[in-house]
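Please walk me through this structure, one residue at a time, and explain how its side chains are placed and what they meet.

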Amino acid sequence: LAEAERAIAEAEKARIGLQQSRGPPFGAISRIEYTDAGTLVITTPPSGMKSDSVFAGAFSLAWFSTIIPATFAGPGLFMVPFWLAGGIVAKQAVVDPFVASELSIGKFAWSLGKRYAGKGLKKKEGSTNELRGAKVEVAVIVNGVPQAELRLYGEKGVSGFGLGLGGDELEYLAGEINSQLQKLKLESLDDDVV
C-alpha cells in the first residue's frame, strides 16, 4: 500500500511539474515566486484606472448629486439603501483599482494581505492545512460585464483577491495555488510514510 501511495505521489508531482512549466499567460501582470523554503508568493499589483472605473466614478458623482438633495428634502431613513448603493459604486471606482494583494502559502502557514496606496488594508492568515483550494468566480457585475476574482477557500471561510485581472491569468493563478496545496499535501504524506 505504501508503494502504491508513493507511485501516486510521484505521478502527481510530475503532473504539477508539467503544469508549472507552461508559464503564465501572455500579458500577465501578477508575479509568482517561490522562496528557498518552497513558499509560494503571489503578488497582484493594482489594476489601475480603466474606462469602467472612470464611468463608475462619473456615475457616483451624478448619483450623489441627486441623492444628497433628496436626503435633505425627504425622509432620511428611506434614503439609506440609496446611499449604500452609491457607496458600493464609488468604492469600485475609487478604491478597488488601487488595491494590491500578496498571497503567501508555505508548508505550515498562509497569509493574504491587501494594500491601498501602500498602506495595509487587511490581512488574513492561518494554517496551510485549513486551505481547500482556489477557484475563479464572478465577484461583481459592472455595467453588465462580469468581473471575476480568485477565491481562496478554507475551513474558516473564503478570501477573495485579484479583482481586475484577466480570466486566463486568474485561472493560471488558481492552478498554481492548487498545485502548491497538492504538493504540500503530498510532502506531508511522504513525511508520514518515512
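The paragraphs below go from a helix residue to the aromatic pairs, and then to the salt bridges. The model is a predicted one, and this should be kept in mind throughout.

A convenient place to begin is Leu61, which is found in helix H2, the element that covers residues 51-73. Is Leu61 buried or exposed? Its relative accessible area is 66%, and because the cut-off for exposed is over 50%, Leu61 counts as exposed. In sequence Leu61 and Ala90 are 29 residues apart, while in space their C-alpha atoms are separated by 8.4 Å.

Helix H2 also holds a residue that takes part in an aromatic pair, and here a general remark helps. A pair of aromatic rings is described by two things, the distance of the centres and the angle of the planes. A search of the whole structure finds four such aromatic pairs. In the pair formed by Phe64 and Trp83, the ring centres are 5.3 Å apart and the planes stand at 40 degrees, so the pair is tilted. This pair links distant parts of the chain, since Phe64 lies in helix H2 and Trp83 in helix H3 (residues 80-94), with their positions 19 residues apart in sequence. As for accessibility, Phe64 counts as buried at 18%, whereas Trp83, with a relative accessible area of 36%, is partly exposed. Ring pairs also join Phe59, Trp63, Phe78 and Phe82 into a cluster.

From rings the account turns to charges. Side chains of opposite charge can pair when their charged atoms come close. How many salt bridges are counted in this model? The count comes to six. One of them is formed by Glu130 and Lys156, whose closest N and O atoms are 3.8 Å apart. This pair, too, links distant parts of the chain: Glu130 sits in the loop between strand E5 (119-127) and strand E6 (131-142), Lys156 sits in the loop between E7 and strand E8 (157-161), and the two are 26 residues apart. The partners have opposite settings, for Glu130 is buried, with a relative accessible area of 7%, while Lys156 counts as exposed at 72% relative accessibility.

Another group of charged residues includes Glu149, whose place is in strand E7 (residues 145-154). Glu149 has a relative accessible area of 13%, and because buried means under 20%, Glu149 counts as buried. Which residues does Glu149 touch, leaving aside its neighbours within four places in sequence? Its contacts are Lys135, Val136, Glu137, Ala139, Gly160, Phe161, Gly162, Leu163 and Leu170. The side chains of Glu149 and Arg151 are joined by a polar contact of 2.8 Å, and these two residues also form a salt bridge, with their closest N and O atoms 2.8 Å apart. Arg151, at 19% relative accessibility, counts as buried.

A further salt bridge brings together the side chains of Lys135 and Glu137, at 3.8 Å from N to O. Lys135 is partly exposed, with a relative accessibility of 47%. Taken together, Lys135, Glu137, Glu149 and Arg151 are linked in a network of salt bridges, and within that network Glu149 is buried, as is Arg151, whereas Lys135 is partly exposed.

Key. Residues numbered from 1 in each chain as written. Predicted model: local features only at pLDDT ≥ 70, side-chain atom pairs only at ≥ 80, totals over all residues. Heavy atoms only, no water. Helix = DSSP H or I, 4+ residues; strand = E, 2+ residues; numbered from the N terminus. Buried < 20%, exposed > 50% of the residue type's maximum accessible area, 1.4 Å probe, protein only. Polar contact = N/O pair within 3.5 Å; in protein donor to acceptor, adjacent residues only side chain to side chain. Contact = heavy atoms within 4.5 Å. Phe/Tyr/Trp six-rings, centres within 6.5 Å; stacked < 30°, edge-to-face > 60°. Salt bridge = Lys/Arg side-chain N within 4 Å of Asp/Glu carboxyl O.
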